[in-house]
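Here's a quick look around one protein chain. We'll go through its charged pairs, then a helix pair and a serine.

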Amino acid sequence: AVSLLVGGIGFMNIMLVSVSERTSEIGLRKALGARSTDVMLQFLVESLVLASLGGAVGSALGLGAVAIVAAVTPLPAAVGTGTVLITVLLSGSIGLFFGVVPARRAAQLDPIVALRSL
């Protein structure tokens with residue numbers, strides 16, 4: 001639980017950096033008519049996709065390691081598909097949970113202030 005919390009906080013920091021680097025993009029989108037909910041949804045979907053892809057890559061690496069252990073040693077090693085699915089869903093939900101703060105910060109950006117950063 002502690003490692004998931006620390007990983008989630010790290011993910012949130014990465015998303016906050018992404019929001020701060022894309023300030024002009026957010027300002028331009030809002031100046032062209034995008035609503036705050038559109039901007040928030042964009043960053044929530046981005047955090048969900050990134051976290052889910054990270055979970056899928058981690059699961060694939062874990063499955064590869066289990067296959068190597070099973071091939072090299074006489075130990076019975078297997079991972080069920082349910083476990084992989086739960087892992088990807090858990091990583092996606094953590095990304096979604098910790099992506100709320102950066103998404104809200106992006107949605108609350110004033111377009112005039114954001115466009116001044118161009």
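What follows covers salt bridges, a helix contact and the setting of one side chain.

Keep in mind that this is a predicted model. Let's start with the charges: the count comes to three salt bridges, and here they are.

| Salt bridge | Closest N to O |
|---|---|
| Arg 22 and Glu 25 | 3.0 Å |
| Arg 22 and Glu 46 | 2.8 Å |
| Arg 35 and Asp 38 | 3.3 Å |

Arg 22, Glu 25 and Glu 46 are tied together in a salt-bridge network. The Arg 22 and Glu 46 pair links distant parts of the chain, 24 residues apart: Arg 22 sits in the loop between helices H1 (2-21) and H2 (23-31), while Glu 46 belongs to helix H3 (residues 36-72). As for solvent, Glu 25 is partly exposed, at 32% relative accessibility. Over in the other pair, Arg 35 is exposed at 54%, and Asp 38 is partly exposed at 27%.

Now for helices H4 (residues 81-98) and H5 (residues 100-107). Their axes lie 4 Å apart at an angle of about 40°, so the two helices are oblique to each other. On the H4 side you'll find Leu 96, Phe 97 and Phe 98, which meet Val 100, Val 101 and Pro 102 of H5. That contact is made of six nonpolar residues, with no polar and no charged ones.

Is Ser 91, also in H4, buried or exposed? With 18% relative accessibility, Ser 91 counts as buried because the cut-off is under 20%. A polar atom of the Ser 91 side chain lies 2.9 Å from the backbone oxygen of Val 88. Leaving out residues up to four places away in sequence, Ser 91 touches Ala 51, Ser 52 and Gly 55.

Key. Residues are numbered from 1 along each chain as its sequence is written. This is a predicted model: local features need pLDDT of at least 70, side-chain atom pairs count only at pLDDT 80 or more; totals for chains, interfaces and linings use all residues. Side-chain values use heavy atoms; hydrogens and water are left out. Buried means under 20% relative accessible area, exposed over 50%, partly exposed in between (1.4 Å probe, protein chains only). A polar contact is a pair of N or O atoms within 3.5 Å; within protein, one must be able to donate a hydrogen and the other to accept it, and residues adjacent in sequence count only if both atoms are side-chain atoms. Contact means heavy atoms within 4.5 Å. Axes are lines fitted to C-alpha atoms, for helices over the stretch in contact, and angles run from 0 to 180 degrees between N-to-C directions. Angles under 35 degrees count as roughly parallel, over 145 as roughly antiparallel, 65 to 115 as roughly perpendicular and the rest as oblique. Ala, Val, Leu, Ile, Met, Phe, Trp, Tyr, Cys and Pro count as nonpolar, Asp, Glu, Lys and Arg as charged, and the others, Gly among them, as polar. A salt bridge is a side-chain nitrogen of Lys or Arg within 4 Å of a carboxyl oxygen of Asp or Glu.
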